[in-house]
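Trainee: I've got a model open and I'd like to learn how its labels are earned. Can we go through a few together?
Mentor: Sure, let's put it up and start with one term.

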Amino acid sequence: MRIKIINPNTTQSFTDALQTLADRVSRPDTEILAVSPATGPASIESFYDEALSVPGVLEEIAKGDREENIDAYVLACFGDPGLYAARELTDKPVLGIAEAAFHMAVMSGAYFTIVTTAPRVRFMTEHLVNRYGFSEQCKNIRTTPMKVLDLATSPDTAIAKVIAECQLAIKEDHAEAIVLGCAGMSQYREYIEQQIGIPVIDGTVAAVKLCEAMVDMKLGTSKVLTFSWPRPEMAPQGRQLNIA
């Protein structure tokens with residue numbers, strides 16, 4: 001099978017890291033294609049950044065169906081930007097890393113804490129937790145005094161801050177699992193887990209493994225109502241819609 005990981009920002013080092021990680025954790029018969037859109041923000045740290053990233057995400061979905069024979073898609077940004085619109089554009093599975101991580105977290109422990117980046121994203125993350133129905137299981141959302149790009153430019157310092165918040169989550173929140181709230185943290189999941197001693201869930205790995213399961217089960221995106229195809233006049237150029 002072919003799984004396309006779409007990094008909605010344009011920072012190539014993040015995309016390369018996602019490719020390496022996914023190649024390592026995916027099955028031998030799974031081919032991973034990690035991409036960034038041609039245009040968009042360098043990092044996503046606000047609602048404005050999210051909005052700017054969505055057109056590029058949708059173009060990569062359309063391209064995947066039109067040219068690349070993709071079987072499933074992963075949106076590798078913790079805000080899951082454009083997730084529902086992307087599901088309208090394809091009948092293949094489309095998973096956001098936040099949604100995938102939350103589901104995996106509650107199968108690892110009764111309660112989880114999210115450790116994410118700058119305080120500005122707290123409100124955005126609260127919306128995700130509420131939208132996906134995990135308010136009761138999510139103990140806390142812990143932000144760290146750093147920007148997303150710090151994970152690329154100063155990874156040792158950035159991950160030390162993440163680990164410190166994880167340790168506080170265990171002590172103060174009684175968290176039983178940690179959800180990493182940024183795709184830039186993905187490559188450090190195993191190291192963080194070794195340092196803190198409880199399950200650490202990275203949404204990129206969770207989404208890739210869930211995509212493999214969905215493709216095996218021949219589960220796609222239902223087109224019966226909510227995620228039915230876009231109106232023909234709104235479809236991306238060259239996209240053939242299977243509308244009855």
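Mentor: A salt bridge is a side-chain nitrogen of Lys or Arg within 4 Å of a carboxyl oxygen of Asp or Glu. Keep in mind that this is a predicted model. The structure holds 15 salt bridges.

Trainee: Okay, what makes Lys4 and Glu60 a salt bridge?
Mentor: Their closest N and O atoms are 2.7 Å apart, and the cut-off is 4 Å, so the pair counts. Lys4 sits in strand E1 and Glu60 in helix H2, 56 residues apart.

Trainee: Why is Lys4 called buried?
Mentor: Buried means under 20% relative accessible area. Lys4 comes out at 0%, so that label fits. Glu60 has 9%, so Glu60 is buried as well.

Trainee: How do you know that Arg87 and Glu99 form a salt bridge?
Mentor: Check the N to O distance: 2.8 Å, against a limit of 4 Å. Arg87 lies in helix H3 and Glu99 in helix H4, so the pair ties together parts 12 residues apart in sequence.

Trainee: And what makes Glu99 buried?
Mentor: Its relative accessible area is 16%, and the label needs under 20%, so Glu99 passes. Arg87, at 11%, counts as buried too.

Trainee: Which residues join Arg142 in one network?
Mentor: Arg142 meets Glu165 in a salt bridge at 3.2 Å, N to O. Salt bridges that share partners join these two with Glu172 and Asp173.

Note on methods. Residues are numbered from 1 along each chain as its sequence is written. This is a predicted model: local features need pLDDT of at least 70, side-chain atom pairs count only at pLDDT 80 or more; totals for chains, interfaces and linings use all residues. Side-chain values use heavy atoms; hydrogens and water are left out. Helices (H or I, at least four residues) and strands (E, at least two) are DSSP runs, numbered from the N terminus. Buried means under 20% relative accessible area, exposed over 50%, partly exposed in between (1.4 Å probe, protein chains only).
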